[in-house]
Amino acid sequence: MTRSLDRYIFRTVMTAFLMVLLSLTGIIWITHALREIDLITNQGQTILVFLGITTLLIPILAQVIAPIAFVIAVVYAIDKLNGDSEIVVMNAAGISPARLFRPFLYAGVVVSVLVAFVSAYLSPSLQRELRDRATRVRTDLVSNIVQPGRFLSIEGGLTFHIRERRPNGDLAGILIDDRRNRDMRSTFLAEQGSLFRKDGGTFLLLQNGSIQRLEKGPAEPRIVLFDRYAFDLSRFTNEAPAAQVKNRPPRERYLWELMAPDPDDAALKAQPGHFRADLHDRLLAPVYPLAFVVIAFAAIGGPRTTRQSRGFAVALAVGGVALLRLIGFACIVLAIQSGAALVFLYGSVVLTCALGVVAIRRGVTIEAPASLTNFLSSLFARFAGQPAT
């Protein structure tokens, strides 16, 4: 009998979880995809390239959304069971809240395993693939898509313009406006140019031109004439130097690479705080679904009749989940500067789970304080024009 109930509750929770997860992920994916619409409108890419790049975001978004979607699913399932008086019947049949919590915990373990897999392996892998595809798009942009007579922005602050493309592939009438450095603007003018590769990098060789540099402030612009000048395009190609591949940011590294990094890693030496914060953020990622289900069930999992209000308990569950996650975000940010923030981070998670487990084992039913109930009743009665009872 209890196994049938476990399967029923587990199926209800997971069905609601998948529906909420797909809905929220789809909505947020659309908003992110619209930001990349310039791949088609400005950079001349096909719809397949657009979909291929933006679809890689879906598992990454799902990792962040999954714990929240799971909380919504748990609240929905418990509210449904309470609304149909099923929890009351189970409790009357001798099924304790701790026993009833078991299928919810099973569902939480499944979600935790999913989040652990995405955060430890899938997300870094997709982050790498995203950067590789983006660089391939930029390679096509530089070598194939730059059209004569068009001003084309490759990235924020860097604009290309060519007068014509010759049959041999050389470019003529080149203008490059570089505003990526806020303190200095550089404008390159060249009669002609050509792409070449050297030492694993890609360069645009400008010939017979000038560089105009304008520093921030009242300083006069400086003009430098050149016969040849190599403009580095390595960061916009999929043939970036090996050092760029080796010095990947923390978000592109697998969990085991963050746990045992190379002590001589240049990126680790430059940003040790980011590596520490990202490591512990990923370690705690699969813990949050378990913590959230404990909070939600402790707040609203107790048996209630249809006459008993569940609004306060639901608000308490949502508020507890939101507070714990906000503490997590804040501590991760602070951990970049100081590892002491991690003590508070882990302490808050452990304390929350411990209090929730105690409440579940004791079968505590959380109700709104009598003073709050009376205040709300009198307030509603006043607005309705009726005397408070």
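**Helices, strands and two nonpolar cores in a predicted model**

The protein chain folds into 14 helices and six strands. The model described here is predicted. Its protein chain has 389 residues, of which 41% count as buried. Where contacts join residues at least 6 apart in sequence, 62% of them link residues at least 24 apart.

A good place to begin is the interior. In general, nonpolar side chains of soluble globular proteins tend to be buried together. The largest nonpolar core of this model holds 63 residues, and the members that touch the most others are Val13, Phe17, Phe70, Val74 and Phe104. Eight helices are named as suppliers of at least two residues each: helix 1 (2–35), helix 4 (57–83), helix 5 (86–92), helix 6 (97–145), helix 10 (272–284), helix 11 (287–300), helix 12 (311–335) and helix 13 (341–362). Helix 4 makes the greatest contribution, giving 15 residues to this core. Phe70 offers a helpful view of how this core is put together. Beyond its neighbours within four places in sequence, Phe70 contacts Val13, Phe17, Phe104, Ala107, Gly108, Val111, Pro289 and Val293. Another core lies apart from this one; it has 15 residues, including Ile162, Leu171, Ala190 and Leu233.

Two of the helices that feed the largest core, helix 10 and helix 12, also pack against each other, at an angle of about 155 degrees and with their axes 8 Å apart. Angles over 145 degrees count as roughly antiparallel, and helix 10 and helix 12 are therefore roughly antiparallel to each other. On the side of helix 10, Gly273, Arg276, Ala277, His280 and Asp281 take part, and they meet Arg325, Ile332 and Ala335 of helix 12. Sorted by class, the residues in this contact are three nonpolar, two polar and three charged.

Helix 6 is also home to Asp132. Because its relative accessibility is 30%, Asp132 counts as partly exposed. Asp132 and Ile53 are 79 residues apart in sequence, yet their C-alpha atoms are 10.0 Å apart in space.

The strands can be followed in order along the chain. Strand 2 (residues 158–165) pairs with strand 3 in the antiparallel sense, over seven bridges. Arg165 has Leu171 of strand 3 as its bridge partner. These two strands, strand 2 and strand 3, form a hairpin with five residues between them, and Gly169 in the turn has a positive phi of about 95 degrees. Strand 3 (residues 171–178) pairs in turn with strand 4 (residues 184–198), again antiparallel and over seven bridges. Here Ile174 is matched with Ala190 of strand 4 as its bridge partner. Strand 3 and strand 4 likewise make a hairpin, with five residues between them. Leu171 and Ala190, met here as bridge partners, are also among the members of the 15-residue core.

Several single residues in and around these strands fill in the picture. Glu164 sits in strand 2 and is partly exposed, with a relative accessible area of 33%. Setting aside neighbours within four places in sequence, Glu164 is in contact with Pro148, Asp170, Leu171 and Ala172. Glu164 and Gln192 are 28 residues apart along the chain, and 9.4 Å separates their C-alpha atoms. Arg180 belongs to the loop between strand 3 and strand 4, and its relative accessible area of 31% makes it partly exposed. The C-alpha atom of Arg180 is 6.9 Å from that of Gly156, a residue 24 places away along the chain.

Strand 5 (residues 201–215) contains Gln207. Buried means under 20% relative accessible area, so Gln207, at 18% relative accessibility, counts as buried. Not counting residues up to four places away in sequence, Gln207 touches Ala190, Glu191, Gln192, Ser194, Phe226, Asp227 and Arg228. Asn208 is likewise placed in strand 5. At 38% relative accessibility, Asn208 counts as partly exposed, whereas Gln207 counts as buried. The backbone of Asn208 also deserves a look: its phi is near 55 degrees, a positive value in a residue other than glycine.

Notes:
Residues are numbered from 1 along each chain as its sequence is written. This is a predicted model: local features need pLDDT of at least 70, side-chain atom pairs count only at pLDDT 80 or more; totals for chains, interfaces and linings use all residues. Side-chain values use heavy atoms; hydrogens and water are left out. A nonpolar core is a set of buried Ala, Val, Leu, Ile, Met, Phe, Trp, Tyr and Cys residues joined through side-chain atoms within 4.5 Å. Buried means under 20% relative accessible area, exposed over 50%, partly exposed in between (1.4 Å probe, protein chains only). Helices (H or I, at least four residues) and strands (E, at least two) are DSSP runs, numbered from the N terminus. Contact means heavy atoms within 4.5 Å. Two strands pair if DSSP finds at least two bridges between them. Axes are lines fitted to C-alpha atoms, for helices over the stretch in contact, and angles run from 0 to 180 degrees between N-to-C directions. Angles under 35 degrees count as roughly parallel, over 145 as roughly antiparallel, 65 to 115 as roughly perpendicular and the rest as oblique. Ala, Val, Leu, Ile, Met, Phe, Trp, Tyr, Cys and Pro count as nonpolar, Asp, Glu, Lys and Arg as charged, and the others, Gly among them, as polar.
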